[in-house]
Amino acid sequence: MNPLPQNSQVVVVGAGPAGLATALSLATAGVATTLAAAPHRPAGLSRDRRTAALFNGSVELLRNLGLWDALSAHCAPIAAIRLIDDTGRLFRAPEVTFHAREVGLEAFGYNVPNDALVDALSARAAMTPGLTLHATAGANAVKIRAGCATIQLAEGDELAAPLAVAADGRQSALRQAAGIEVKTWDYPQTALVTWFTHQRPHHGISTEFHRSAGPFTTVPLPGNASSLVWVEEPAEAARLLSLPDADFRRAIEIRLSGLLGTIGEIGPRAAFPLSGLTPNAFAMNRVALVGESGHVLPPIGAQGLNLGLRDAATLVDCVIDALAEGRDPGGSAVMQRYSELRAPDVNGRITAIDVLNRTLLSPYLPVHLIRGFGLYALSAVSPLRRKIVQEGVQPTSYVPRLMRPGGLNQLQNAAATARLASPA
Ligand SMILES: Cc1cc2nc3c(=O)[nH]c(=O)nc-3n(C[C@H](O)[C@H](O)[C@H](O)COP(=O)(O)OP(=O)(O)OC[C@H]3O[C@@H](n4cnc5c(N)ncnc54)[C@H](O)[C@@H]3O)c2cc1C
């Protein structure tokens, strides 16, 4: 079967938040793009009960895409992050609170409901010139030919472009088809998510109780409400998942020890078994990995989607620069540059979070001592605190243009100079 007639430079597969952000960013910057994905489900259907704490670079990307003003009504600022050692162990770390104002910011970022984000991205994608939406039940495979990646869809048709983006999640069919190998592992932990209202204000503080089964984290939502990520060993998570609301409410109150006062309404619960994934390359054979096709990590430190959005913004830089210089956007130089830019950011965070998580799970006293000393140093040494906070929020080594104020104009100018195809 012949490829469908279309002239996209890039085909993005998968319409989770990372895929939508990638397709929209490319098209908005001026790169003709096709998004191959299942059609968006009607608004109001609860698809994803998670929220994502998005740091300022991610918020800047949403601002550059013109989405932030409408989205911000659903989000709450995170002015501080408090870590409390609730392990009950002999050697406990001191409480540490990082304030955004320590690094000259009003907030580290905002807590954004995943559904609201996907709704906003999907609505904008449907009306963005240069972005073609191709409804499919799924992409099954990719064939790499000279100058072209051809994606085979479940319906039997094909889409072809110089570059394919695998944004099809952790089981990515496209990644496998491109021959990119991954290392995967499981943690003996499940994350339970929900939201709840509470009597006392959260004052914009996200609190992580570090417990020996994993963290119990509240993140501010608008008003007196917070989202909750409660990590437990799987059998306990299953028990909590099946508790009647009144008992679950009481269980939250016990864990919070009165921090947010009486708990009111609680939302529906969902469970996510925790695992990790790293690839041996972030791009290869005309396929670039974006979002969870390229990295999976536990929900500690709110890194996952922030990484996914940095993937999107970095890929846009690589593609625009290649096109502006008359180079192939899916060629090996672009594959290598994207991989080299993403590897330190992704791998560094996966390692740090893995170590932090394992120090919680470890039964060994020396490990608790090292962790306690590390957090003590963080609480006491200001320059170290500032460095950790700055790096936690955004790597300083490379900030993609869409994550800088006014970055979209720079990209659009580069695209216009190169006379990129941008169908109206
Ligand atoms: C409990 C929990 C809390 C979290 N909190 C935070 C946080 O505070 N901050 C943060 O930054 N991150 C957080 N994360 C991580 C964040 O939720 C994920 O990184 C993000 O949702 C992944 O988005 P994605 O688009 O990469 O993947 P997905 O959302 O999995 O999207 C993949 C899409 O591809 C589609 N697809 C799959 N296969 C195919 C195919 N063959 N063809 C076409 N389409 C296909 C799927 O249907 C789906 O729509 C958290 C994660 C968990 C588990």
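**Close-up 1. Two buried cysteines.** Cysteine 148 is buried, at a relative accessible area of 19%. Cysteine 318 is also buried, with a value of 2%. Buried stands for under 20% relative accessible area, exposed for over 50%, and partly exposed for the range in between (1.4 Å probe, protein chains only). The model is predicted: local features need pLDDT of at least 70, side-chain atom pairs count only at pLDDT 80 or more, and totals for chains, interfaces and linings use all residues. Residues are numbered from 1 along each chain as its sequence is written, and side-chain values use heavy atoms, with hydrogens and water left out.

**Close-up 2. Disulfides.** A disulfide covalently bonds the sulfur atoms of two cysteines. The search criterion is a pair of cysteine sulfur atoms within 2.5 Å. Across the whole structure, zero disulfides turn up.

**Close-up 3. The shell around the ligand.** There are 28 residues around the ligand (a heavy atom within 4 Å of it). Ala53, Ala139, Glu292, Leu305 and Asn306 come nearest. By type, the shell holds 15 nonpolar, ten polar and three charged residues. Nonpolar covers Ala, Val, Leu, Ile, Met, Phe, Trp, Tyr, Cys and Pro; charged covers Asp, Glu, Lys and Arg; the others, Gly among them, are polar. Helix 1 (17-29) and helix 8 (304-324) each supply at least two shell residues, as do strand 3 (51-55) and strand 13 (182-198).

**Close-up 4. Ligand oxygen atoms.** A ligand oxygen lies 2.8 Å from a polar backbone atom of leucine 305. For asparagine 306, a polar backbone atom is 2.9 Å from an oxygen of the ligand. The protein covers 79% of the 1,000 Å² of accessible area (Shrake-Rupley method, 1.4 Å probe) that the ligand has on its own.

Note on methods: Polar contact = N/O pair within 3.5 Å; in protein donor to acceptor, adjacent residues only side chain to side chain. Helix = DSSP H or I, 4+ residues; strand = E, 2+ residues; numbered from the N terminus.
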